Amino acid sequence: MLKIVVCVSGGGTNLQAILDAVDQNRITNVELLAVISNNRGTKALERAAAHHIPGLVISPRDFPDREAFNEAFTEKMCELGPDLVVLAGFLVKIPPRMVSLFSNRIVNIHPSLIPSFCGVGYYGLKVHEKVLERGVRVTGATVHFVNEGMDEGPIIAQKAVCVEEDDTPEVLQRRVMEQAEWILLPKAIDDIANGRIEVADNRVRNVG
């Protein structure tokens, strides 16, 4: 049984996709230990409570500096002891020590086809704004393991989504969620939980 902690910052639509997939047996062999948010009063915490999953708030604003937050966040994660940490719209940089302690055990969903539109400053709606500004015809989403870089870890899966002529950033964001993110992330978690992928030489390999 793969023990999971999900980290979120906002509404938690990717969290809901995970919860729905568990309910529908599209994700098997998992136990959700907790949902962590860096913001109080988020919809994501309500989604967790509705599924009787403990919700925790750990925010940089509650600590004197980032170093103190990083230490507290890392210690809390070690205390929870998950086999996998899932970043489902989590807008806080993961502390380097946590990345090291949970090597190849932290996954992130990013709303573009990495290496395009990723890295510092590319998150949430900003990604889709830049996609439309650049005039690309195809975008998508990527699930990847987290390493010390920003959106640079081994890629688990990607899915392309077409950009339409009359798209706004909000419309495109919704389409990428529906056609890519909510499909990719649950599938990746299920693959990891059931031993179908492994990481070697900074690349993900299908073994099942």
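How do the residues of the lining of the largest pocket divide into nonpolar, polar and charged? The split is 17 nonpolar, 17 polar and five charged. Keep in mind that this is a predicted model. Below is a quick tour of that pocket, followed by a look at strand 1 and its partners.

**The largest pocket**
- Its volume comes out at about 790 Å³.
- The lining takes in 39 residues, and those closest to the pocket centre are Gly 89, Phe 90, Leu 91, Asn 108 and Tyr 123.
- Several elements chip in with at least two lining residues each: helix 1 (13-23), helix 4 (96-101), strand 5 (106-110) and helix 6 (169-193).

**Strand 1 and its surroundings**
- Strand 1 covers residues 2-8, and six of its seven residues are buried, so the rest of the structure largely encloses this strand.
- Here, buried stands for under 20% relative accessible area.

**Who pairs with strand 1**
- Strand 2 (residues 30-37) runs parallel to strand 1, and seven bridges join the two.
- Within that pairing, Lys 3 sits opposite Glu 31 of strand 2.
- Strand 4 (residues 84-87) also runs parallel to strand 1, this time with four bridges.
- Over on that side, Val 5 is the residue facing Val 85 of strand 4.

**How the chain connects**
- Strand 1, helix 1 and strand 2 together form a β-α-β unit, and it is right-handed.
- Helix 1 turns up twice in this briefing: it belongs to that unit, and it also supplies at least two residues to the lining of the largest pocket.

Key. Residues are numbered from 1 along each chain as its sequence is written. This is a predicted model: local features need pLDDT of at least 70, side-chain atom pairs count only at pLDDT 80 or more; totals for chains, interfaces and linings use all residues. Side-chain values use heavy atoms; hydrogens and water are left out. On a 1 Å grid over the protein atoms alone, a cavity is a set of points where a 1.4 Å probe fits but cannot get out, and a pocket is an open set with protein on both sides within 12 Å along at least five of seven lines; lining residues have an atom within 4 Å of a point. Grid points are joined across faces, edges and corners, and a volume is the space filled by probe spheres set on the points. Ala, Val, Leu, Ile, Met, Phe, Trp, Tyr, Cys and Pro count as nonpolar, Asp, Glu, Lys and Arg as charged, and the others, Gly among them, as polar. Buried means under 20% relative accessible area, exposed over 50%, partly exposed in between (1.4 Å probe, protein chains only). Two strands pair if DSSP finds at least two bridges between them. A crossover is right-handed if, with the strands pointing away from the viewer, the path from the first strand over the helix to the second runs clockwise.
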